[in-house]
Amino acid sequence: MAAVPVLACVARYAAVPARPDGAAARDGGQHDGWAQDAYVWQRQWTPAVTRAIGDSAAGVRAWHVLAAELDRTGQWRDSRVADGPLPSPQRPVVAVFRMDGRLADVDADVLARHVATRVEAWTRQGWQVAGVEIDHDCATSRLADYGRFLDRLRQAMGGRHALWITALPTWMDAPELPDVLSRADEVVLQVHAVQDPRLGLFNAARAMRWMAQFARLSPRPWHVALPAYGSRVIWGADGGIGAVESETPAMMGDTPGHDELVADPADVARFMTATQDTPPRGFAGWVWFRLPTGDDRRAWSPGTWRAVMAHRPLTYAMQTRVLRDAPGLYDIVVENTGDIDAAPPGTIRVDGACRGAGGRGGYGLEYDARGPWLHRRERMLLAPGVPLLAGWARCDGQGPDVHAGP
């Protein structure tokens, strides 16, 4: 489920029911009748991760926790999760195992043994492990191989859990897709990904088209994976995608050849409402990628995520002001005074008797016949109550007037 140029295909073994019973609904994880799960994708848990799990548990039915990754050399890298019980012990856990898509072959028996070891360890910690999820990159051309792998893995696991798989929009015209879907008990459709940066990370109209098409194809109940994050696309020397930063830095430095992609919370909220008002055939609920924490700079703020999950009214409000830093030197500050993460102003006009100015925090300085103005050069979201230093100005008198625009 990582945000990468090639979308991930995921096999899920889970004993979590698609639609919770009345007791589960009262405990949370269901809004307007639709289940909501979430991925905990952090490879090393910090206090912020543990705190976010506890704070958000009321809105989540099940946690899909990254347990381990199988790299291209066939070596396992286990996640360093917290010891002891979860902050929300009443919520079941689905253990997620990610496999590098460049692996030539994967032995289902070997995978099943590693899965069993990790699940047993978590059970001893007191976790309610409800299932196992396999996240494996695969190309459309290998769907037939993928279907056979699902059969082998199900046999190796002893048929102890229901089988879920993630379906990709790029699969929908493949003749092998009906066979793959027939091997699953439930399906997750991923509608967010880095495909063409010009289309953004999430496009509601495109997602609606995919869902309508998928509803005609899937014989199984299916969920939709929703984004609560952003990504930084780093361009290579050949003009193609060199790397994607999301929950993990790409370690490529601060290169100017990049674009910031974000899933706008207001867009996602409207998309959820439209879907739930007229749900497609077979639609069963949402799976969020990924759990936001207080120190995740490319995820929504936790408060915004919980507000969108609960379908609370969302208020957009931005304030741009000038603060005196030193005699003749002024900071230009933008603050989100609403209750949802939102994009700061696209332009900020600087009026006054100013001898110089500059942009910061994603803004650049421009000049026209009227004088200096700041232009936001990157897509970004600003969390409520977090001030952003957008620029500075050196001016005479009382300082500049600033006027924000779209």
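The exercises below concern a predicted model and deal with a pair of helices and a sheet.

**Exercise 1.** Describe how helix α3 and helix α4 pack, and state whether they are parallel, perpendicular, antiparallel or oblique to each other.

*Solution.*
Step 1. Two packed helices are described by the angle between their axes and by the distance between those axes.
Step 2. Helix α3 covers residues 108-124 and helix α4 covers residues 143-156. Their axes lie 9 Å apart, at an angle of about 45 degrees.
Step 3. Angles under 35 degrees count as roughly parallel, and 65 to 115 as roughly perpendicular. The helices α3 and α4 are therefore oblique to each other.
Step 4. The crossing of α3 past α4 is right-handed.

**Exercise 2.** Find which residues of α3 and α4 meet, and sort the contact by class.

*Solution.*
Step 1. From α3, the residues are A108, D109, L111 and A112.
Step 2. From α4, they are F149, R152, L153 and A156.
Step 3. By class, this contact has six nonpolar residues, two charged residues and no polar ones.

**Exercise 3.** Give the strand order of the open sheet of four strands, name its edge strands, and examine how β17 pairs with β22.

*Solution.*
Step 1. The order is β19-β20-β17-β22, and the pairing is antiparallel.
Step 2. β19 (363-368) and β22 (401-405) each pair on one side only, and these are the edge strands.
Step 3. On average, with direction ignored, neighbouring strands of this sheet are turned by 25 degrees against each other.
Step 4. Strand β17 (residues 347-351) runs antiparallel to β22, and five bridges join the two.
Step 5. In β22, V402 stands opposite V350.

Definitions and conventions: Residues are numbered from 1 along each chain as its sequence is written. This is a predicted model: local features need pLDDT of at least 70, side-chain atom pairs count only at pLDDT 80 or more; totals for chains, interfaces and linings use all residues. Side-chain values use heavy atoms; hydrogens and water are left out. Axes are lines fitted to C-alpha atoms, for helices over the stretch in contact, and angles run from 0 to 180 degrees between N-to-C directions. Angles under 35 degrees count as roughly parallel, over 145 as roughly antiparallel, 65 to 115 as roughly perpendicular and the rest as oblique. A crossing is left-handed if the near helix is turned anticlockwise from the far one by less than a right angle, and right-handed if clockwise. Contact means heavy atoms within 4.5 Å. Ala, Val, Leu, Ile, Met, Phe, Trp, Tyr, Cys and Pro count as nonpolar, Asp, Glu, Lys and Arg as charged, and the others, Gly among them, as polar. Two strands pair if DSSP finds at least two bridges between them.
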